[in-house]
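Hi,

Here is the structure I said I would pass on. Have a look at it first, and my notes follow underneath.

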Amino acid sequence: MTDSSASIAPTARVHPGAIVGPRTRIGEFCVVEQDVVIGADCLFEPYVFVKRWTTMGDRNEISAGTALATDPLDKNFNGDRSYLRIGNGNKIREHYTISRSTKPESATTIGDGNYIMTSGHIAHDCAIGNETVIASCALIAGYVEVEDQAFVSGGVVVHQHSKIGRLAMIGGNTRVNMDAPPFFMYEGMDKMKPKGLNRVGLKRAGFSPDQIDLLKKAYKMLYRSGLMLEDALGRIETELADENTLHLVRFIRNSKRGVCRE
């Protein structure tokens, strides 16, 4: 089940039932259990542990000491089959843990092109989008959703069932205990607060000056106008509508935990 072009170090242990794709390199003392699928051109540094029911796409780089598809840190977990599904082109750095999901036949999911730094944890049933950055020592609790291109800084702790919007930036050591709407910056060790537009992130993502201007006006309407939340959302829909501001409105209206406000 291992492609002939893959290389496996002599001290690694890869179960015969695992599938290892072309040109993938598995380093010294790695362990890959059964029911694992690894795509092409992946790199596993030494001491990577991949447990059962992990599926991984192509071009992923997994650094030393990382453990994937660990059992959920959930007292109600009874050992049923569940999954960890990882996309393509991700970098997961040293000493990281990602759990598979709790409910039978459900999955923790990691998208494409994410950069996940050292010594942190992504818990069961999380859904991480594409091209996010999750910095060192961040702790992502169960059932959290992180949308595309979000930036989670070092030492951030994210409460279970919280949601972080697209291109949101969470400052270092922030306690995320409510949903963080997209496109804005947040910080706060006790209570998370909005701190303006994520202008640098938006520019890097290719947003035009007109798109950024609309989002700046939407931020002011939400956080500086003194309007009630629903009134602010209604005005954004009628006065500032484009694909990004409408995504912002949908995110807030769909929030189950409530969104961060001043």
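Let me start at the N terminus. M1 is exposed, at 61% relative accessible area, and sits in the segment before strand 1 (7-8). Together with I19 and V37, M1 makes a nonpolar surface patch of about 260 Å² accessible area. Keep in mind throughout that this is a predicted model.

Now for the inside. The largest nonpolar core counts 67 residues, and F44, L68, I122, I164, F184, Y186 and L222 have the most contacts within it. Among the elements that give two or more residues to this core are strand 6 (36-38), strand 11 (67-70), strand 27 (184-187), helix 3 (229-239) and helix 4 (243-253). Helix 2 gives the most, with seven residues. F184 is a good one to click on: leaving out residues up to four places away in sequence, its contacts include L167, M169, L197, L215, Y219, L222 and L248.

A polar residue to check is N60, in the loop between strand 9 (54-56) and strand 10 (61-62). Is N60 buried or exposed? N60 is buried, because its relative accessible area is 0% and the cut-off for buried is under 20%. A polar atom of the N60 side chain lies 3.5 Å from the backbone nitrogen of G89. Beyond four places in sequence, N60 also touches D41, C42 and L43, as well as I86, G87, N88 and N90, among others.

Then the charges: I get 13 salt bridges. In one of them, D35 pairs with R52, with the closest N and O atoms 2.5 Å apart. D35 is in the loop between strand 5 (31-32) and strand 6, while R52 is in the loop between strand 8 (49-50) and strand 9, so this pair ties together parts 17 residues apart in sequence. Both ends are partly exposed: D35 at 33% and R52 at 28%.

K163 has salt bridges to E145, at 3.9 Å between the closest N and O atoms, and to E147, at 3.7 Å. E147 lies in the loop between strand 21 and strand 22 (151-152) and K163 in strand 24, so that pair ties together parts 16 residues apart in sequence. On accessibility, E147 is buried at 11%, whereas K163 is partly exposed at 21% and E145 is partly exposed at 33%.

One more for the list: K51, D71 and R100 are joined into one network by salt bridges that share partners.

Cheers

Note on methods. Residues numbered from 1 in each chain as written. Predicted model: local features only at pLDDT ≥ 70, side-chain atom pairs only at ≥ 80, totals over all residues. Heavy atoms only, no water. Core = buried A, V, L, I, M, F, W, Y, C linked by side-chain atoms within 4.5 Å. Buried < 20%, exposed > 50% of the residue type's maximum accessible area, 1.4 Å probe, protein only. Helix = DSSP H or I, 4+ residues; strand = E, 2+ residues; numbered from the N terminus. Contact = heavy atoms within 4.5 Å. Patch = residues over 30% accessible without salt bridge, like charges linked within 9 Å, V, L, I, M, F, W, Y side chains within 5 Å. Areas by Shrake-Rupley, 256 points an atom, 1.4 Å probe, with all protein chains shown as cover. Salt bridge = Lys/Arg side-chain N within 4 Å of Asp/Glu carboxyl O. Polar contact = N/O pair within 3.5 Å; in protein donor to acceptor, adjacent residues only side chain to side chain.
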